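Biologist: Could you take me closely through one part of this model, and then show me how the rest is arranged around it? I work at the bench, so please spell out the cut-offs as you go.

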Amino acid sequence: MHKARKRFGQNFLVDQTIINHIVRSIYPKPDDALVEIGPGKGALTAPLLEACKKLQVIELDRDLIPILLAQFVRYKDFKIHQADALKFDFTSLIQEDKALRVVGNLPYNISTPLIFHLLSFGDKIRDMHFMLQREVVLRLAAQPGDKNYGKLSVMTQYHCAVSHLFDVPPESFRPAPKVDSAIVRLEPYSEKPLVATDPNHLETLVGTAFQQRRKTLRNALRSYEDDIVALGDAIEIDFSLRAENLSVADFVSLSNALAGCNN
Ligand code: SAM
């Protein structure tokens, strides 16, 4: 008997209605290049393999590998990678140049760094469907003016279209987590609507702006003051606003203007 491990964020899905709803939302096709992160005991793996015979999974817990192998041995295109998804090179999973469809009921303790890790693979990923803490999904999908709007919203929406699909209650898992969960769909843009000339600059700027989110931009962005003054009217941003009032487009245009100053 496998005992759920807290340190691996193991909350196994047991609600078949929710499992079906998730798989319908993913809408896997036989030819898809599907990748599941954290298959656990196979709650999602089984219906995914029914729909799409090719499936690669990445699981950290060694003790789950024999359980998965025994359950899915009859699928010849089922491949298990015993590894840490946070350090995994997802390009190594690409076959025939096909962009990956990544899915998973993610361990909540690593979900944010894992999403940033996955975003670094850009156009190698077609879409992602994840079960996350509901609060994190609210932050991913938040719009300007919303109290959940912050660095995670801006940086994720810079890379992807974000859709909050539906909520999942704690009773759908064993053991039940202490928080509500939700399913999110992330679709990386093949061509970004707005391009940052220096994505690292954008990330630092957004982080600085939200570090003191109650302050006006004029105060929160003191470290950029000289360049802001030098650019003058060339920047069409009202610095008496707060970071939470700027759209992703505003942040990108501000970053592009400021990054240009340093050249
Ligand atoms: N998919 C299963 C389900 O829905 O019942 C299990 C989900 S459970 C929330 C998270 C899974 O991710 C566990 O199987 C856990 O062992 C695995 N896991 C935890 N950390 C991981 C990591 N860094 N890389 C890959 N898998 C990890």
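Modeller: Tyr75 counts as buried, because its relative accessibility is 11% and buried means under 20% relative accessible area, with exposed over 50% and partly exposed in between (1.4 Å probe, protein chains only). This is a predicted model, in which local features need pLDDT of at least 70 and side-chain atom pairs count only at pLDDT 80 or more, while totals for chains, interfaces and linings use all residues. Residues are numbered from 1 along each chain as its sequence is written, and side-chain values use heavy atoms, with hydrogens and water left out.

Tyr75 sits in the loop between H3 and strand E4 (78-82). Helices (H or I, at least four residues) and strands (E, at least two) are DSSP runs, numbered from the N terminus. Setting aside neighbours within four places in sequence, Tyr75 has contacts with Leu49, Glu50 and Lys53, where contact means heavy atoms within 4.5 Å. Leu49 is 26 residues away from Tyr75 along the chain, yet their C-alpha atoms are separated by 7.8 Å.

Now for the cores, where Tyr75 turns up again. A nonpolar core is a set of buried Ala, Val, Leu, Ile, Met, Phe, Trp, Tyr and Cys residues joined through side-chain atoms within 4.5 Å. In soluble globular proteins, nonpolar side chains tend to be buried together. The largest core here has 29 residues, and those that touch the most other members are Ile37, Phe90, Val102, Leu118, Phe130 and Leu132. At least two residues of this core come from each of strand E2 (33-37), strand E5 (100-105), helix H4 (111-119), strand E6 (125-133), helix H5 (134-141) and strand E9 (181-188). Tyr75 belongs to another core, which lies apart from that one and has 26 residues, including Ile19, Phe78 and Ile183. Back in the largest core, Ile37 reaches well along the sequence: beyond its neighbours within four places, its contacts include Ile58, Ala85, Phe90, Val102, Leu118 and Phe130.

His129 is placed in strand E6 and, at 3% relative accessibility, counts as buried. Its side chain makes a polar contact of 2.8 Å with the side chain of Arg185. A polar contact is a pair of N or O atoms within 3.5 Å; within protein, one must be able to donate a hydrogen and the other to accept it, and residues adjacent in sequence count only if both atoms are side-chain atoms. Among the residues that His129 touches, leaving out those up to four places away in sequence, are Ser25, Arg101, Leu165 and Val184.

On to the ligand. There are 22 residues around it, of which Gln10, Leu13, Gly38, Glu59 and Asp84 come nearest; near means that a heavy atom of the residue lies within 4 Å. One ligand oxygen atom is 2.8 Å from a side-chain N or O atom of Gln10, and a ligand oxygen atom is also 2.8 Å from a side-chain N or O atom of Asn105. With Gly38, the pairing is between a ligand nitrogen atom and a polar backbone atom, at 2.8 Å. The protein covers 98% of the 600 Å² of accessible area that the ligand has on its own, an area from the Shrake-Rupley method with a 1.4 Å probe, for which only the protein chains shown count as cover when residues are assessed.

The whole structure holds 15 salt bridges, each a side-chain nitrogen of Lys or Arg within 4 Å of a carboxyl oxygen of Asp or Glu. In one of them, Arg5 pairs with Asp63, with the closest N and O atoms 2.6 Å apart. Arg5 lies in the segment before strand E1 (12-13) and Asp63 in the loop between strand E3 (55-59) and helix H3 (65-72), so this pair ties together parts that are 58 residues apart in sequence. Asp32 and Arg126 form another, with their closest N and O atoms 3.5 Å apart. Here the pair ties together parts 94 residues apart, because Asp32 lies in the loop between helix H1 (16-26) and E2 while Arg126 lies in strand E6. Asp32 is buried at 8% relative accessibility, whereas Arg126, at 44%, is partly exposed.

Stepping back, the chain has 10 helices and nine strands. Of its 263 residues, 47% count as buried.
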